[in-house]
Amino acid sequence: MRFTDPDELLAMDLASAEGDWRPTPHGEHLARTLAENNLVQGKRVLELGGGVANHTILLLRQGAAHVVTTEIVASRSETTRANVERNCPGATNIEYRLADWLSTPDRFDVVITNPPFAKSGKQN
């Protein structure tokens, strides 16, 4: 099911586990911008950092051909997966990868990210 109204696109049932980041004002602004400007319909999309899946769900609802969403920690990837399954039941055009942002091979039409404001402990 594709949504076109920005408010319908943004209506989601999101759950999070301990340690997961809830959407921040920056993430909500990105979501609103994406909802108002469909940049992904029919395209292959890479999402760097799926988090609680608010952007992932939006991308699927807008008709992305395929979404690859990454997380660096397995438990956070499970949060992404659970929220996608709750809000986009039966979606088959999504792939979940455990990967850092520098090791995500493939070709994509669009790259989306809302980087966390935290030190990763990793130097790139």
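The paragraphs below follow strand β2 and helix α3 through this predicted model, together with the elements around them.

A convenient starting point is strand β2, which spans residues 66-71 and is mostly covered, with six of its six residues buried. Its side chains are divided between two directions: His66, Val68 and Thr70 point one way, while Val67, Thr69 and Glu71 point the other way, and the residues of both sets are buried.

Strand β2 has pairing partners in β1 and β3. Strand β1, residues 44-48, runs parallel to β2 and is joined to it by five bridges; within this pairing, leucine 48 has threonine 70 of β2 as its bridge partner. Strand β3, residues 94-98, also pairs with β2 in the parallel sense, over five bridges, and here valine 67 stands opposite isoleucine 94 of β3. The connection from β2 to β3 passes through helix α4, residues 74-87, in a β-α-β crossover that is right-handed. On the other side of β2 in the chain order, β1, helix α3 (residues 54-61) and β2 make a β-α-β unit that is likewise right-handed.

Helix α3 deserves a closer look. How many of the residues of α3 are buried? Eight of its eight residues are, so the helix is largely enclosed by the rest of the structure. The buried residues of α3 include Ile57, Leu58, Leu59 and Leu60, and among them are also Asn54, His55, Thr56 and Arg61. Arginine 61, which lies in helix α3, counts as buried because its relative accessibility is 5%, a value that falls under the 20% cut-off for that class. The side chain of arginine 61 reaches the backbone oxygen of alanine 11 at 2.7 Å. After α3 comes glycine 63, whose phi is positive, near 90°.

The helix and the strands can also be considered through the nonpolar core. The largest such core has 21 residues, and those with the most contacts inside it are Val45, Val67 and Val84. The elements that give two or more residues to this core are α2 (25-36), α3, β3 and β4 (110-113), and α3 gives the most, with four residues.

Valine 67 brings several of these elements together. Leaving aside residues up to four places away in sequence, valine 67 touches Val45, Thr56, Leu59, Leu60, Asn93, Ile94 and Glu95. Among these contacts, Thr56, Leu59 and Leu60 are buried residues of α3, whereas isoleucine 94 is the residue of β3 that stands opposite valine 67.

Technical notes
Residues are numbered from 1 along each chain as its sequence is written. This is a predicted model: local features need pLDDT of at least 70, side-chain atom pairs count only at pLDDT 80 or more; totals for chains, interfaces and linings use all residues. Side-chain values use heavy atoms; hydrogens and water are left out. Buried means under 20% relative accessible area, exposed over 50%, partly exposed in between (1.4 Å probe, protein chains only). Two strands pair if DSSP finds at least two bridges between them. A crossover is right-handed if, with the strands pointing away from the viewer, the path from the first strand over the helix to the second runs clockwise. A nonpolar core is a set of buried Ala, Val, Leu, Ile, Met, Phe, Trp, Tyr and Cys residues joined through side-chain atoms within 4.5 Å. Contact means heavy atoms within 4.5 Å. A polar contact is a pair of N or O atoms within 3.5 Å; within protein, one must be able to donate a hydrogen and the other to accept it, and residues adjacent in sequence count only if both atoms are side-chain atoms.
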